[in-house]
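Student: Hi! Could we go through the side chains in this one together?
Tutor: Happy to, here it comes.

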Amino acid sequence: MQMPACMASNVAQAGSPERPPNVILIICDDLNDYVEGYGGHPQARTPEITRLIQSGVLFTQAHSNIPICGPSRASLFTGIYPHHSGCFGFTRWDRFPVLKHSRTLMAHFRANGYQTLGTGKLMHHLVRSEWDEYGNPADYGPFAFDGQKRLAHPKVPQPFREIGPVDGSFGPLEDLASYQLPGKKALQWQTGSRDNIRILGVGSETDRDSTSDELNGAWAVDKLRTFIRQASHKPFFMGVGFIRPHTPLIVPERFFDLFPLEDIELPKIRPDDVDDTHARSVRGIPNGKEPHSTRTADMGLRMYQHLVDSFPTREEALKQFIQAYLASVASVDEQIGKILDTVEHTSLRNNTIIVLTSDHGWGMGEKDYLYKNALWQESTQIPLIIRAPGVAAKGTRCDHPVSLIDLYPTLVDLCDLSQETRINAGGHPLDGHSLRPFLEQATRQDWEGPAAALTALYRWAEAHPPAEQSYALRGRKWRYIRYSNGREELYDTHDDPYEWHNLADRPEQHAELKGLRKRLMTRIKTP
């Protein structure tokens, strides 16, 4: 079906009198608020991200629209909520009719005269035709490899290592010779995507092959240097997708050395905090009492309980995992710094927008949960930093709740592209709103976007009728959660920032609850 003439006429033509800005979109996988400037962990070391914050606007309450990678990235790159597209799960995004007939962010930039290039993990299902040029596909390695199968890091004890070589693995990237057992084949590091598997040689820190994140960082820098040499290049849109701190949390040992295990501080966790929540009631665990060893257990509960069962104490278990997570964040921060150096010290400095974000957060044991895919703050909150020369007030903070759905319209606005992003009438217009007003004045109150960020929950199912899903609204004061079975949670995030006290059953909150319930149902109406 061809685009109606009224739509086609709105497409902007390339070659405006003023040179359009370049765009670099950096996405880290599973990055929560363990970033300097966000206060998520006092020991986080992210000096390069801090440098980016100082040159742009930090959004303190940015949230994922569905806190699990596949549908979150589909929503981010199409600008369409899951309840409008139907993409709540891991079915390929390009099989949903609404998304098929709507331009992705990179396709829209290309239609408006930009050169588009990307590398690493951007959309969960890579469609190379959406880009002019693509570097490396997503690579979750490294994995320990025994010649036949991939394993968790050999230092990880049972039962946590039973979870597998991805989610059940963490530890330093080191020479594996010391782990060789008599009569057993020597372990090696293996990495690469399904069609490009390679052995990653590791002799020492100075004698080893590059990790996937290092390769993607180098690829981005090389392409940027090419643009610098070609003064007449077209404006570009570049996506850089780093895997860390996604599991397996395996990075060079020098990053672990930054965080001595005995000094690791634990997050603030209230004992039995999960007891007044209802998440388990929609996770196939009747009354929240089913043993965690059964297959019906939710991944976040399973990871938490297996981790705790693998060490003498809960404190030691969490310290081990948090050390690996902080090390992984520090490792990707270094790669971000290389990109920033290339921009700031060259001709790209004054005409390149840089956005740093993540697809969702990660719970670190709060409410007995170690994972993403929850409707609480730890899982929905993401870092979001936007550097827009000539527009963004440097070093400012915006506290208004926003979400990833707003990135697409923001970049369209900043680059003065066409507002029409549908390929034809079968598509859907952008659901978000431009964040430009907050870039110009972070404290303004007259934004045309919503007062609360909307987040949906992925559940393992063959179909996802929008009205039957679980959702959260996160406003300045309240977080309201409504699960698919009708159960509710309500948190006063101003007085209770850790969301320890569910107020949904308190009579004095009846009016507030009723209003939030109505607002949610208004937001998720579908065509």
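Tutor: Let's begin with a definition: a charge sits over a ring if NZ of Lys or CZ of Arg is within 6 Å of the ring centre and within 35 degrees of the ring normal. This is a predicted model, where local features need pLDDT of at least 70, side-chain atom pairs count only at pLDDT 80 or more, and totals for chains, interfaces and linings use all residues. Residues are numbered from 1 along each chain as its sequence is written, and side-chain values use heavy atoms, leaving out hydrogens and water.

Student: OK, so which ring does Lys477 lie over?
Tutor: Lys477 lies over the face of Trp478, 5.1 Å from the ring centre. Lys367 also has its charged end over a ring, that of Tyr491, at 5.5 Å from the centre.

Student: And how many aromatic pairs are there?
Tutor: The whole structure has 17, counting Phe, Tyr and Trp (six-membered ring) with centres within 6.5 Å; planes under 30 degrees apart are stacked, over 60 edge-to-face, the rest tilted. The rings of Trp131 and Tyr134 have planes at 65 degrees and centres 5.5 Å apart, so they are edge-to-face. Both belong to one aromatic cluster with Phe109, Tyr114 and Phe237.

Student: Is Trp131 buried or exposed?
Tutor: Trp131 is buried at 6% relative accessibility (buried is under 20% relative accessible area, exposed over 50%, partly exposed in between, with a 1.4 Å probe and protein chains only). Tyr134 is buried too, at 11%.

Student: New topic: how many disulfides?
Tutor: The count is zero, taking a disulfide as two cysteine sulfur atoms within 2.5 Å.

Student: Why no bond for Cys28?
Tutor: Its closest cysteine sulfur, in Cys69, is 14 Å away, too far for a bond.
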